[in-house]
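Here's a quick briefing for anyone opening this one up for the first time. Have a look at the chains below, then read on.

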Amino acid sequence: MDNGFIIETENLRKVYGETTAVDGISFQVRRGELFGILGPNGAGKTTTIRMLYGFSPMTAGMLKVFGKDITTDWRAIRARMGICHQDNNLDPDLTLMENLLVFSRYFGLPQKAAAGRAEKLLKFIGLETRTDSKPPSLSGGMMRRLILARALINEPELIILDEPTTGLDPQSRHLVWERLGELKKQGITILLTTHYMEEAARLCDRLIIIDNGKIIAEGKPSELVKKHVGHEVIESSPASSELIEFVKQRGFEHEVFGDHILIYRREEDEPLFQEISHKYCQGNCTLRTATLEDVFLRLTGRQLRE
Amino acid sequence: MKLLGNNITTRFWSIWVRNWIVYLRTWKINFLPPILEPILYIAAFGVGFRLLVPAVQFHGKDMSYVQFIAPALIAVSIMNSSFFETTYSSFVRMYYQKTFDAIMAAPVSVQEVITGEIVWGTARSVMTAAVMLVVLSFFGLVPWPEAFWLLPAAVLGGFAFSAIGMMFTGLIPNIELFNLPVFLFITPMFLFGGTFFPMDGMPSWAKIVAGTMPLTHIVNLCREICCGSVISRDAVVAVSYLAVFSAVFYPLALFTMRKRLIK
């Protein structure tokens, strides 16, 4: 039965009335993998996650977690996974310790064992000195860490995080990254959504980019960069009309927006930057490594998503 | 343990326990209303009203006005405790604190969350009734041991109002709109549910209207118990009414809340 896949989806669809939030996506997550779902706002990330833990019933398709069908075995599946929601849904009236203990009751865990586990988890997230504080007195980063600890109370084999670092300061973000790395080392499978490309590139073994409910790219971060953008990016602002003309003529992949031009350089076009900077730029040309953000913007466009 | 199909198991107790733990943090404040309310009413009606209404006839028996309204005060508290718990308090947990969303990341169904909330609202009614019972006993207004039956009566009435309150929570778009069921449903019952005057002498249409109200039946039940007649025609009618009421509104509460929460 065990084919090494923790999550398997096929043609997963979710329709709300007139709108199709998730439009037939298929992907697999392997055991021990850190898998990312990227996409602009409203792309269907959160809807997908809600289906993954059996909260939203799917409209059509197949979804298995731990090799079990989510529609019939949701209870057994949830017992083995942890969810970190995007919103802060901690209990404001309870202390940090009580938050974890009350949550363990929903899993039917014996309270004695849960207390020991909660203590370890508070240490793991660096809040062991705040055991008796209440969530409203915590900073945003601390709350997010507490939500992570709460999702670990049942010793899950899979954790799902919906935008775990949105709105966090750099220190907190790095701490979350570090903890996720440790969890991965323990063999826990992790699925996260994010719209920070640096985060995705840094953490994810594999990822999918979804837009309008469809998968538009899938692979390892470095492969995606190579495939969709190339090796390096030459940026020029303002872009002269001669430069645009030159790039068009030579057939280089490029993008123009406003008075800005991005030229995607493939590995074989080694001397391109020198040529461009000598002939067409007056000190307003930069060469940089291509990133996942370039891939993302290229594939999902630059218009605002709200 | 499965109770009603795969979606309701005894796991709903964990939600009850969650609410109990939160309640204990503020129990001193929570216990004040059920202690103060009967004292205030008794002061107002016992001292202030005594000259206007020296005695009331109920079921052919003469009693003081305070004696007449004491069981109704318990009935009204049974109604209010559970109804306000599953409306305002549950709405805050559902909408502002997103507690239900958090719980449903665990192996708990939406039906279990709602059942836990309704049973918790019921418990609030029982606790309030118990505190009032003690207070009213000091004034000699409830007979023992018959008064013990007020607690199962609180279970029955509390569940009924918990369930219908939860149904409103499933339907209402925002918290301000709870004013509507309070104003159109709770307040009329409070005034006309046989609480402050005996229904015996009322015209028949008024009796029929009052008979449709759930509070009237809780009042009747409490009053019968306090008159020492635990098994009477009115009590049997009241118990049957409340049982049917719960059997209708509990599934409706599950339905509306599921519709609201699961998208």
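In chain A, 71% of the contacts with a separation of 6 or more are between residues 24 or more positions apart. Chain B can be described in the same way: take its contacts between residues at least 6 apart in sequence, and 79% of them join residues at least 24 apart. Keep in mind that this is a predicted model.

**Chain A**

- Chain A has 11 helices and 14 strands.
- Of its 306 residues, 42% are buried.
- Lined up along the principal axes, the C-alpha atoms of chain A fill a box of roughly 75 × 45 × 35 Å.

**Chain B**

- Count up the secondary structure of chain B and you get 10 helices and four strands.
- Starting at the N terminus, the elements of chain B go β-β-α-α-β-β-α-α-α-α-α-α-α-α.
- How does chain B compare with a globular protein of that length? Its radius of gyration is 19 Å and the globule rule gives 18 Å for 263 residues, which is close, so chain B is as compact as a globular protein of that length.
- The C-alpha trace of chain B spans about 60 × 40 × 35 Å along its principal axes.
- Buried residues account for 44% of the 263 residues in chain B.

**Where the two chains meet**

- The contact draws 22 residues from chain A and 20 residues from chain B.
- On the chain A side, helix 2 (70-79) and helix 3 (96-106) each chip in at least two residues.
- Helix 3 of chain A gives the most to that side, with five residues.
- Sorted by class, the side of chain A that touches chain B has 11 nonpolar, four polar and seven charged residues.

**A helix pair inside chain B**

- Helix 5 (residues 110-138) and helix 10 (residues 233-261) of chain B pack at an angle of about 130°, and their axes are 10 Å apart.
- Why is helix 5 of chain B called oblique to helix 10 of chain B? Angles over 145 degrees would count as roughly antiparallel and 65 to 115 as roughly perpendicular, and the angle of about 130° between these helices is in neither range, so the pair is oblique.
- The crossing of helix 5 of chain B past helix 10 of chain B is right-handed.
- Helix 5 of chain B brings Val110(B), Gln111(B), Ile114(B) and Ile118(B) to the meeting. Facing them from helix 10 of chain B are Tyr250(B), Ala253(B), Leu254(B), Met257(B), Arg258(B) and Leu261(B).
- By class, this helix contact has eight nonpolar residues, one polar and one charged.

Definitions and conventions:
Residues are numbered from 1 along each chain as its sequence is written. Chains are lettered from A and ligands numbered from 1 in the order in which they are written. This is a predicted model: local features need pLDDT of at least 70, side-chain atom pairs count only at pLDDT 80 or more; totals for chains, interfaces and linings use all residues. Axes are lines fitted to C-alpha atoms, for helices over the stretch in contact, and angles run from 0 to 180 degrees between N-to-C directions. Angles under 35 degrees count as roughly parallel, over 145 as roughly antiparallel, 65 to 115 as roughly perpendicular and the rest as oblique. A crossing is left-handed if the near helix is turned anticlockwise from the far one by less than a right angle, and right-handed if clockwise. Two residues are in contact if their C-beta atoms, placed from the backbone, lie within 7 Å. Ala, Val, Leu, Ile, Met, Phe, Trp, Tyr, Cys and Pro count as nonpolar, Asp, Glu, Lys and Arg as charged, and the others, Gly among them, as polar. The radius of gyration is taken over C-alpha atoms; the globule rule is 2.2 Å times the number of residues to the power 0.38. A residue is buried if 20 or more other C-beta atoms lie within 10 Å of its own, exposed if 12 or fewer, and partly exposed in between; C-beta atoms are placed from the backbone.
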